Amino acid sequence: MNTVAEYFPDLKTAVGSGGSCSVDELMRRMNIIGPELVDMVDAKGMNWTWCFPIEDNCVVLPADIRTPQQAWINGESLGFRSEWWNGRLGGDMVLDNQQELPWRELIDTGKRVATQCMVNGRKHDRFFVVPLHREDAGTKVEVRYLDIHGRENIWTPTLKSVSNFNIGEAEESPCGVGELIRFHKPRTKGAVELWTKSQDFVKPQPMTGTSIRVAIYEKHEEDPEYRVMKITATGNLCGTLMIRGKKEWRPLRDASDLIPFGRIPAWKAALAAEAAMGNRQFQEMRQFLAEAVTFLDQEATGYRPRATSQPVSMITPWMTYRQISRPNRTV
């Protein structure tokens, strides 16, 4: 993905002002035509595709997924339903080699968290945050989490640059952290990482413990929110969940914001459609939007194997440029 600033030299001539527009004007026009382009993609039957790791039979979906429609685990299709659906937790039953097993379904629990994976804290676990850009040192963030007793706690640390995650340079939260329900930060120069430290419960000391990264918040993320989905199964599942569905347009606000999809040809056609819409040339607007969707379709073909036959889909680069470290830990 590229930022608005990186695309600006190539897109400023497409807004119909002779190339004299500013970055703010370009973002304003992209925010106007962006939702129209997403709806046009939906109207053409093209689905967006996301992939997520499964942990404790749960996955967390980012806020840009508007409507999940299809889901697979290692090629096996899943059904969708709400947690409040009146029925058995396992859903229908299927016969597998003379044994009845619950039909796998993806349940929307209605829960919202602020991490890209579930945090199952223990009595001696602590949070600490690390900025990846030196100029962000001294910035205050707000962390709201549930402790091991289910009580909400508010922790407001100050970001500090650290050289070693085990030596106590970063400001740490009180012991007994659990599910993170909110993480608020201002726009930063770089990404901010959230870590947990599991200290030795026999002889707790600030200098000891295993550190595990549980989230990475990009510089443009201020109040991240994720939906918790649960997968019904008899045991712990291992694999990747693939979801296809409708995408939500997230407004661009800063030149450092990442453009969520599309290359330069697609956005030039989309901006031409926005200019035509402003002149009430609706036929030309639909023509340019169709051209932008064609460019997006051509872009999406690079993500699919040649031998497979499937509906048109476009890959959203969610969690392809960031890695979540979840090593096994023992005490």
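# A tour from helix α3 to the salt bridges

Select α3. This helix has 15 residues and spans 21 Å from its first C-alpha to its last, close to the 21 Å expected at 1.5 Å a residue. Keep in mind throughout that the model is predicted.

Stay on α3 and color by burial. Its buried residues are Ala-266, Trp-267, Ala-269, Ala-270, Leu-271, Ala-273, Glu-274 and Ala-276. Now step just past the end of the helix. Arg-280 takes a positive phi there, of about 60 degrees.

**The cores**

Go back to Trp-267 and show its neighbors. Leaving out residues up to four places away in sequence, Trp-267 touches Tyr-7, Leu-11, Met-30, Ile-33, Gly-34, Trp-249, Ile-259, Phe-261 and Gly-262.

Which residues have the most contacts inside the largest nonpolar core? They are Leu-106, Leu-241 and Trp-267, in a core of 47 residues. Select helix α2, residues 23–43, next. This helix gives the most to the core, with 8 residues. A second core, separate from that one, has 18 residues. Among them are Val-143, Leu-194, Val-214 and Ala-215.

**A buried loop residue**

Select Ile-54. This residue sits in the loop between β1 (47–53) and β2 (58–62). Is Ile-54 buried or exposed? Its relative accessibility is 12%, so Ile-54 counts as buried, the cut-off being under 20%.

Show what surrounds Ile-54. Beyond residues up to four places away in sequence, Ile-54 touches Val-59, Ile-73, Ile-231, Leu-237, Gly-239, Thr-240 and Leu-241. Leu-241 was already on the tour, as one of the residues with the most contacts inside the largest core. Then draw a C-alpha to C-alpha distance from Ile-54 to Met-118. It reads 9.8 Å, for two residues 64 apart in sequence.

**The three-stranded sheet**

Select β8, β12 and β13. They form an open sheet of 3 strands in the order β8-β12-β13, with antiparallel pairing. The edge strands are β8 (125–131) and β13 (210–217), each pairing on one side only. From one strand to the next, the twist averages 25 degrees.

Zoom in on β8 and β12. Strand β12 covers residues 192–198, and 7 bridges join it to β8 in the antiparallel sense. For a reference pair, pick Phe-127, which stands opposite Thr-196 in β12.

Stay with β12 and β13 for a charged pair. Arg-213 forms a salt bridge with Glu-193, with 2.8 Å between the closest N and O atoms. The pair links distant parts of the chain: Arg-213 is in strand β13 and Glu-193 in strand β12, 20 residues apart. Both Arg-213 and Glu-193 are buried.

**Strands β9, β10 and β11**

Select β9, residues 142–147. Strand β9 pairs with β11 (residues 177–184) in the antiparallel sense, over 5 bridges. Find Val-143 and look across to β11: Phe-183 stands opposite. Val-143 is also one of the residues in the second core.

Now turn to β10, residues 152–155. Strands β9 and β10 run antiparallel and are joined by 4 bridges. Leu-146 has Glu-152 in β10 as its bridge partner. The hairpin of β9 and β10 has 4 residues between the strands, and Gly-150 takes a positive phi near 85 degrees in it.

Show charged side chains here. Glu-142, Arg-144, Glu-152, Arg-182 and Asp-223 are linked in a network of salt bridges. Glu-152 thus appears twice on this stop: as the bridge partner of Leu-146, and as a member of the network.

**More salt bridges**

How many salt bridges are there? The count comes to 14. Two further pairs deserve a click.

Return to α2 and select Arg-28 with Glu-25. Their side chains meet in a salt bridge, at 2.9 Å from N to O. Both lie in helix α2, 3 residues apart, about one turn of the helix. Arg-28 is partly exposed, with a relative accessible area of 42%. Glu-25 is partly exposed too, at 22%.

End at Arg-253 and Glu-222. Their side chains meet in a salt bridge, at 2.5 Å from N to O. Arg-253 lies in the loop between β15 (240–247) and α3 (264–278), and Glu-222 in the loop between β13 and β14 (226–231), so the pair ties together parts that are 31 residues apart in sequence. Arg-253 is exposed, with a relative accessible area of 54%.

Key: Residues are numbered from 1 along each chain as its sequence is written. This is a predicted model: local features need pLDDT of at least 70, side-chain atom pairs count only at pLDDT 80 or more; totals for chains, interfaces and linings use all residues. Side-chain values use heavy atoms; hydrogens and water are left out. Two strands pair if DSSP finds at least two bridges between them. Helices (H or I, at least four residues) and strands (E, at least two) are DSSP runs, numbered from the N terminus. A nonpolar core is a set of buried Ala, Val, Leu, Ile, Met, Phe, Trp, Tyr and Cys residues joined through side-chain atoms within 4.5 Å. Buried means under 20% relative accessible area, exposed over 50%, partly exposed in between (1.4 Å probe, protein chains only). Contact means heavy atoms within 4.5 Å. Axes are lines fitted to C-alpha atoms, for helices over the stretch in contact, and angles run from 0 to 180 degrees between N-to-C directions. A salt bridge is a side-chain nitrogen of Lys or Arg within 4 Å of a carboxyl oxygen of Asp or Glu. The expected span of a helix is 1.5 Å times one less than its number of residues.
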